[in-house]
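Visitor: Please pick one small part of this structure and look at it closely with me. I'd like to follow it strand by strand and see how it sits in the rest.

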Amino acid sequence: MLDAVDAALMRALQGDGRATFQALADGVGLSRTAVRARVRQLVQSGAIRIVGVLHAGVVGMEVLGHVSFRVAGPVGPLMEELGEREAVTFAAQSAGRFPAVAQVRVADDAALTKELADLRSLPGVEGAEVFRATSVFKDAHSSVRELRDIELDALDWRLVRRLLKDGRSSYADLARQVGLSQAAARSRVVRLLNAGVVHVTALVEPSAVGANEQLGFGLRCRGDAGALGAALANLTRVSFLASGFGRYDVVGTLTAPDRHRLVEALESVRSTPGVSYVETWDHLSVRKERRGGERPMGWPPG
């Protein structure tokens with residue numbers, strides 16, 4: 001069972017997966033040796049994976065759409081089809097007004113229009129309603145930090161690939177892998193991190209922390225959807241959040257260890273100033289969820 005110190009370490013590693021053991025130790029009040037052992041145990045037990053998460057804009061996935069499907073007949077065949085589509089980064093069978101929901105990431109609005117046309121033609125789909133995100137405030141599986149203008153060469157991409165697999169690879173290991181000096185590898189990695197190309201974070205296994213309940217929500221608001229999104233992103237149970245336009249002004253996901261705390265989290269969303277309407281859908285079964293460290297669409301050759 002994870003204790004308060006483990007939980008604090010996981011939160012710190014979610015913010016900075018390459019934080020030094022000394023910095024982590026200072027944050028939780030333990031020795032560096034004790035923290036190193038705890039982090040190793042969290043990784044070995046499968047409670048967390050510390051990986052690099054690539055900025056979607058780097059590989060031409062800057063546009064995000066949330067799609068709610070109306071389906072005739074069984075939903076399973078549609079789930080199988082969604083799982084095979086490269087542009088689909090998340091797909092779930094759901095309870096609520098729509099029996100299936102998905103997220104797609106593509107290069108631009110023209111590509112989104114084409115993808116939606118293809119999705120509407122899938123077996124059983126009677127219609128689809130779309131939310132087009134303009135700002136993503138929180139996403140456990142994609143960096144939402146600002147992407148600065150940067151030119152990437154073959155060595156940069158080799159370093160990125162290593163970080164996607166193991167975000168805490170030492171500079172010495174990275175240097176050996178790509179054929180650079182340790183100082184040169186460190187300089188390049190710091191440059192990649194500062195530019196927002198990749199963000200190293202701890203991906204938490206939901207079952208390890210009892211986060212077994214997941215609820216999607218869409219809301220409409222009074223006033224500025226961007227300001228509301230920034231406020232909602234600060235709620236602990238919110239694991240994904242984006243503002244945009246279409247069926248909703250804001251779309252998000254809540255994650256909690258049990259129904260009681262899921263209800264509490266939803267009440268926090270409903271009571272946030274500016275929220276005028278909330279619609280929810282239960283994620284009964286997640287068919288696809290592209291996580292950090294997986295091969296993203298548009299991955300460059302070489």
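Guide: Two strands count as paired if DSSP finds at least two bridges between them. The strands (E, at least two residues) and helices (H or I, at least four) are DSSP runs, numbered from the N terminus. This is a predicted model, so local features need pLDDT of at least 70 and side-chain atom pairs 80 or more, while totals for chains, interfaces and linings use all residues. Residues are numbered from 1 along each chain as its sequence is written, and side-chain values use heavy atoms, leaving out hydrogens and water.

Let's zoom in on strand 4, and on one residue there: Q103 lies in this strand. Strand 4 covers residues 100-106, and seven bridges join it to strand 2 (residues 63-71), with the two running antiparallel. Look across from Q103 and you'll find H66 standing opposite.

How hidden is Q103? With 10% relative accessibility, Q103 counts as buried (buried is under 20% relative accessible area, exposed over 50%, partly exposed in between, with a 1.4 Å probe and protein chains only). Leaving aside residues up to four places away in sequence, Q103 touches L64, G65, H66, A87, V88, T89, F90 and F240 (a contact means heavy atoms within 4.5 Å).

Now step back a bit. Strands 2 and 4 are part of a closed barrel of eight strands, which goes 2-4-3-10-7-9-8-5 with antiparallel pairing. On average, neighbouring strands of this sheet are turned by 35° against each other, direction ignored (axes are lines fitted to C-alpha atoms, for helices over the stretch in contact, and angles run from 0 to 180 degrees between N-to-C directions).

Two helices pack on that sheet. Helix 4 (residues 76-84) touches strand 2, strand 3 (88-95), strand 4, strand 5 (125-139) and strand 10 (275-289), and its direction makes about 80° with that of strand 10. Helix 5 also packs on the sheet, touching strands 2, 3, 4 and 5, and its direction makes about 145° with that of strand 5.

Helix 5 (residues 109-120) is also where confidence is highest, at a mean of 96, while strand 6 (residues 198-204) has the lowest, at 86 (pLDDT is the predictor's confidence in each residue, from 0 to 100). For the chain, the mean is 89, and 91% of its residues reach 70 or more.

Here's strand 6 to set beside our strand. Seven bridges join it to strand 1 (residues 48-54), again antiparallel, and one partnership there is R49 with L203. Seven of the seven residues in strand 6 are buried. In a regular strand the side chains alternate between the two faces of the sheet. In strand 6 both faces are covered: V198, V200, A202 and V204 are buried on one side, and H199, T201 and L203 on the other.

For a contrast with Q103, try D173 in helix 7 (residues 171-178). D173 counts as partly exposed because its relative accessibility is 34%. From D173 to R162 is 11 residues in sequence and 9.5 Å in space, C-alpha to C-alpha.

Finally, the whole chain. There are 10 helices and 10 strands, and the C-alpha trace spans about 55 × 45 × 40 Å along its principal axes. Buried residues make up 48% of the 302 in the chain. Among contacts with a separation of 6 or more, 77% come from residues 24 or more positions apart.
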